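Colleague: I've got a model open and I'd like to learn how to read it properly. Can you walk me through it?

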Amino acid sequence: MCSPNHMRDETILHFGAIEKVGGSVHGKGSSRNQRGSLQSVDFRQITWIDGNIDLKWNVITRINFPSLTVLKGWIDLDSNAITRIGFGTLTYLHSLYIFGNFLTSINFGLITYVDNVLELDHNAPTAINFHQIKYIGGSLFLGDNALTSIDFGDLTRIG
């Protein structure tokens, strides 16, 4: 559906004026050893995605979800080079996988409910604040990080 632009030796996936994706967004590399070339992803105008976001095994350093309010599937960003991520106006996640990045900062924005897994292990944050998240229905993975502070905020249930 969307093809990346190759500019200045950087592979960018920019959705332009697209507001709704009726399926999933796939752009994963072949494996952890054969990464894709995607470096930057901008979901700028997208407010709705009916499926999953599967962008694992790339070299993504920047990803942006400023307008996304509905995501009916999961997000898999495993094995990239992401250092910061924010979820803006999104209030619900099925699952989030950000294993093996360089994540130092995560802003959960308006998310209040994670239906299944929240995987943030093998990153580099020193602090995590779950802010408004009230519920994580499955597992929470925080291992192999540099955490010195965890603020569970409004969280009342895990699993």
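## Strands, sheets and a few residues

Modeller: Let's start with one pairing: S3 and strand S6 (residues 48–49) run parallel and are joined by two bridges. Within that pairing, Lys 20 has Trp 48 in S6 as its bridge partner. Bear in mind as we go that this is a predicted model.

Colleague: What is the order of the strands in the sheet that holds S3 and S6?

Modeller: The general idea is that strands of a sheet pair through backbone hydrogen bonds, either parallel or antiparallel. Here you have an open sheet of three strands, ordered S3-S6-S9, and the pairing is parallel. Its edges are strand S3 (20–21) and strand S9 (70–71), each of which pairs on one side only.

Colleague: And which strands form the open sheet of six?

Modeller: That one reads S4-S7-S10-S13-S16-S19, again with parallel pairing. The edge strands are strand S4 (25–26) and strand S19 (140–141), and each pairs on one side only. For a look inside, take strand S13 (residues 96–97) and strand S16 (residues 118–119): they run parallel with two bridges between them. Leu 96 is matched with Leu 118 in S16 as its bridge partner.

Colleague: How many helices and strands does the protein chain have?

Modeller: Zero helices and 21 strands.

Colleague: Okay, now the confidence. What does the pLDDT look like over the protein chain?

Modeller: The rule of thumb is that where pLDDT is low, the predicted coordinates should not be read in detail. In this case the average is 92, and 94% of the residues score at least 70. The stretch to handle with care is residues 3–8, where the pLDDT is below 50. That stretch still has eleven contacts in the model beyond near neighbours in sequence.

Colleague: What is the radius of gyration, and how do I judge it?

Modeller: You set it against what a compact globule of that length would give. For 159 residues that would be near 15 Å, and the protein chain has 15 Å, so the two agree. Look at the extents as well: the C-alpha trace spans about 45 × 30 × 20 Å along its principal axes. As for burial, 42% of the 159 residues are buried. The exposed area of the protein chain is about 7600 Å², with carbon and sulfur atoms supplying 49% of it.

Colleague: And what share of the contacts comes from residues 24 or more positions apart?

Modeller: Counting contacts with a separation of 6 or more, those residues account for 22%.

Colleague: Can we zoom in on a strand? Why is S5 described as largely enclosed?

Modeller: The way to read this is residue by residue. In strand S5 (residues 38–42), four of the five residues are buried, so the rest of the structure largely encloses the strand. S5 runs parallel to S8, with three bridges joining them. One of the matched pairs is Ser 40 with Arg 62 in S8.

Colleague: Asp 42 sits in S5 too. Is that residue buried or exposed?

Modeller: Buried counts as under 20% relative accessible area. Asp 42 has 7%, so it is buried. Next, ask what a polar side chain finds around it. The Asp 42 side chain makes a polar contact with the side chain of Asn 64 at 3.3 Å. Leaving out residues up to four places away in sequence, Asp 42 touches Leu 13, His 14, Phe 15 and Asn 64.

Colleague: Which residues can I use to compare sequence separation with distance in space? Gly 16, maybe?

Modeller: Good choice. Gly 16 lies in the loop between strand S2 (10–14) and S3, and with a relative accessible area of 25% it is partly exposed. Asp 42 is 26 residues from Gly 16 in sequence, with 8.2 Å between their C-alpha atoms. Ile 46 is 30 residues from Gly 16 along the chain, with a C-alpha separation of 8.7 Å.

Colleague: One more. Where is Asn 58, and what does its side chain reach?

Modeller: Asn 58 is in the loop between strand S7 (53–54) and strand S8 (62–64). Don't assume a loop residue is exposed: at 2% relative accessibility, Asn 58 counts as buried. Its side chain reaches the backbone oxygen of Gly 27 at 2.7 Å. Beyond its neighbours within four places in sequence, Asn 58 has contacts including Lys 28, Arg 35, Ser 37, Leu 38, Ser 79 and Asn 80.

Technical notes: Residues are numbered from 1 along each chain as its sequence is written. This is a predicted model: local features need pLDDT of at least 70, side-chain atom pairs count only at pLDDT 80 or more; totals for chains, interfaces and linings use all residues. Side-chain values use heavy atoms; hydrogens and water are left out. Two strands pair if DSSP finds at least two bridges between them. Buried means under 20% relative accessible area, exposed over 50%, partly exposed in between (1.4 Å probe, protein chains only). A polar contact is a pair of N or O atoms within 3.5 Å; within protein, one must be able to donate a hydrogen and the other to accept it, and residues adjacent in sequence count only if both atoms are side-chain atoms. Contact means heavy atoms within 4.5 Å. The radius of gyration is taken over C-alpha atoms; the globule rule is 2.2 Å times the number of residues to the power 0.38. Accessible areas come from the Shrake-Rupley method with a 1.4 Å probe; for residues, only the protein chains shown count as cover. pLDDT is the predictor's confidence in each residue, from 0 to 100.
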